[in-house]
Amino acid sequence: MNFTIQNVLIATNDDYATVDVQVIDGTIAAIAPDLDVIGTAVDGSNKLLLPGFVNAHTHSSEMWQRGIMSIFPLELWLAELYDFAPLDLEKVYLSALGTAVETLLSGGTSVVDHLVLTPGKELETIATAVRAYREVGIRAFIAPLIQDESLSAGIPSGETEQNHEPYFRSTTATLEIIEEAVKQFHRPEEGVSILVAPTGIQLCSDGLFKGCIELSDRYNLCRHSHLLETKAQEKLAQEKYGCTAVEHLQRIGYLGDRTSLAHCVWLNDHDITILAQTQCTVVHNPLSNLRLGSGIAPILKYIKSGVNVTFGCDGASSNDSQDLLEAIKMGSILHNITDSDYQNWITPKKAVEMASLGGAKGLNIADQIGSLTVGKQADLVMYDLTNLSLLPRTDPIGLLVLGRPTNVVHSAWINGKQIVSKNQINTINIDNLRQELFNRSQWETKRKSQTVAQIETHYRQVMDL
Ligand SMILES: [Zn+2]
């Protein structure tokens with residue numbers, strides 16, 4: 001599986017260079033002009049080579065509800081989402097395939113799937129996603145989404161007395177499922193990792209967080225959670241802990257350099273200092289934050305404070321796609337309106353670094369992937385610069401990040417294995433996937449969520465609407 005990409009454009013510090021790239025046994029062995037061809041020769045002329053991006057936060061099975069979710073804020077949106085879940089395992093499989101493919105065809109080579117588990121079939125759900133990702137060949141970080149409080153507990157009580165039903169599964173049983181998943185499926189060297197992933201402070205007890213910390217330490221697992229996505233969660237943290245969610249998570253020891261936190265919209269300056277000190281990674285999901293009206297995360301403040309930031313698509317019910325290039329574009333230019341000092345704005349090159357090296361840092365593997373560096377694994381994406389959406393010829397990365405690139409991924413390799421060639425996925429049959437997605441769904445327009453009907457009045461009251 002050795003190959004040499006010839007005459008390909010790569011980014012240098014302040015310009016571009018045309019080079020050859022040798023890959024031996026899945027590792028980048030040399031980057032320089034006019035190298036000897038080792039293994040297969042790959043024509044890189046008029047193409048741009050970048051490290052693969054990380055889709056650092058998504059929920060694959062939400063694909064089945066994209067395009068139909070009501071225009072709601074997160075708390076009501078979640079109630080609607082869960083009224084029309086769970087899914088059978090075949091659907092879990094197909095949406096994991098779909099998520100992997102859309103990620104790959106928009107520049108991603110890794111995906112963090114905060115995977116919603118089918119009740120009673122938790123390990124089977126994880127096994128199904130593992131199977132799908134292994135078949136496609138994407139580098140997969142499966143973060144089984146767990147909680148131990150019922151959905152209504154995620155809404156602040158305000159002045160009112162609220163009774164929440166107990167969650168259907170005990171904290172201990174939930175932690176046992178995760179430990180079993182680690183034993184069965186955590187194989188980082190084969191491209192499949194398990195993360196501990198309590199959904200967030202809004203639906204998790206300290207017991208669950210502490211159990212996850214313990215598993216993370218024992219098995220060397222990364223940690224992943226939602227954090228302060230909405231104003232309601234900020235209020236809830238004050239009700240629950242009498243301090244901010246970040247202060248509380250620091251107190252119980254959840255934060256660290258293996259912890260990535262999705263959204264991070266409602267943090268104050270002190271919280272940001274804590275994230276910087278503890279070396280956490282923020283996963284920015286701009287499209288979801290806009291779709292759900294959650295707010296604009298203070299990304300420029302994070303960057304200024306030295307917090308590592310990367311991008312995610314978030315689940316396809318709140319996006320409603322898995323186009324990583326779209327998330328990177330929106331996640332960059334959105335912040336030009338949050339700071340009048342244009343010297344702080346995110347440039348296209350900075351955005352590419354955040355999406356690749358930033359993603360790798362968040363998964364604690366920046367020494368292995370995330371940049372075109374000799375000795376790192378060959379997770380590479382080659383873009384076709386003759387594609388109509390990247391013409392006429394100007395700055396290649398500027399065109400890729402600021403433009404509206406379509407079908408531009410010519411080739412992609414993961415650990416040196418070629419997964420995409422000539423815009424086509426090599427590993428699975430895309431026509432079959434399309435047919436299955438079509439057959440297992442129907443055109444829908446209207447549906448009614450019963451849970452939303454039950455909680456909407458209280459939600460509006462506590463949120464002063
Ligand atoms: Zn999410």
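The following dialogue examines strand pairing, helix packing and the nonpolar core in a predicted model.

Student: What makes strand 1 and strand 2 a pair?

Tutor: Two strands count as paired if at least two bridges are found between them. Strand 1 (residues 3–11) and strand 2 (residues 16–24) have 7 bridges in the antiparallel sense, so they satisfy that criterion. A11 stands opposite Y16 in strand 2, and 4 residues lie between the two strands of this hairpin.

Student: How do you know that strand 2 also pairs with strand 3?

Tutor: Strand 2 is joined to strand 3 (residues 27–32) by 5 bridges, and the two run antiparallel. The threshold is at least two bridges, therefore this is a pair as well. V23 has I28 of strand 3 as its bridge partner. This hairpin has 2 residues between its strands, and D25 in the turn has a positive phi of about 50°.

Student: Why are strand 6 and strand 9 said to stand at the edges?

Tutor: The open sheet has 4 strands in the order 6-7-8-9, with parallel pairing. Strand 6 (53–58) and strand 9 (192–194) each have a single partner strand, so one side of each is left without a neighbour in the sheet. From one strand to the next, the twist averages 15°.

Student: What makes strand 8 the partner of strand 9, and in which sense do they run?

Tutor: Strand 8 (residues 139–145) and strand 9 are joined by 3 bridges and run parallel. Pairing requires at least two bridges, so the requirement is met. A140 has V192 in strand 9 as its bridge partner.

Student: Which helices lie across strands of this sheet?

Tutor: Helix 4 (residues 171–185) lies across strand 8 and strand 9, at about 160° to strand 9. Helix 12 (residues 348–362) lies across strand 6 and strand 7 (108–116), at about 55° to strand 6. Angles are taken between N-to-C directions on a scale from 0 to 180 degrees, so a value of about 160° places helix 4 and strand 9 in nearly opposite directions.

Student: Why is L104 counted in a nonpolar core?

Tutor: Membership requires a buried residue of a listed type, Leu included, joined to others through C-beta atoms within 7 Å. L104 belongs to the largest nonpolar core, which has 135 residues, and with A100 it touches the most other members. Helix 2 (residues 89–104) contributes the largest share of this core, 8 residues.

Student: Which residues is L104 in contact with, leaving aside its neighbours within four places in sequence?

Tutor: The contacts of L104 are I138, V409, A412, I419, V420 and I425. In soluble globular proteins, nonpolar side chains tend to be buried together.

How values were computed: Residues are numbered from 1 along each chain as its sequence is written. This is a predicted model: local features need pLDDT of at least 70, side-chain atom pairs count only at pLDDT 80 or more; totals for chains, interfaces and linings use all residues. A residue is buried if 20 or more other C-beta atoms lie within 10 Å of its own, exposed if 12 or fewer, and partly exposed in between; C-beta atoms are placed from the backbone. Two residues are in contact if their C-beta atoms, placed from the backbone, lie within 7 Å.
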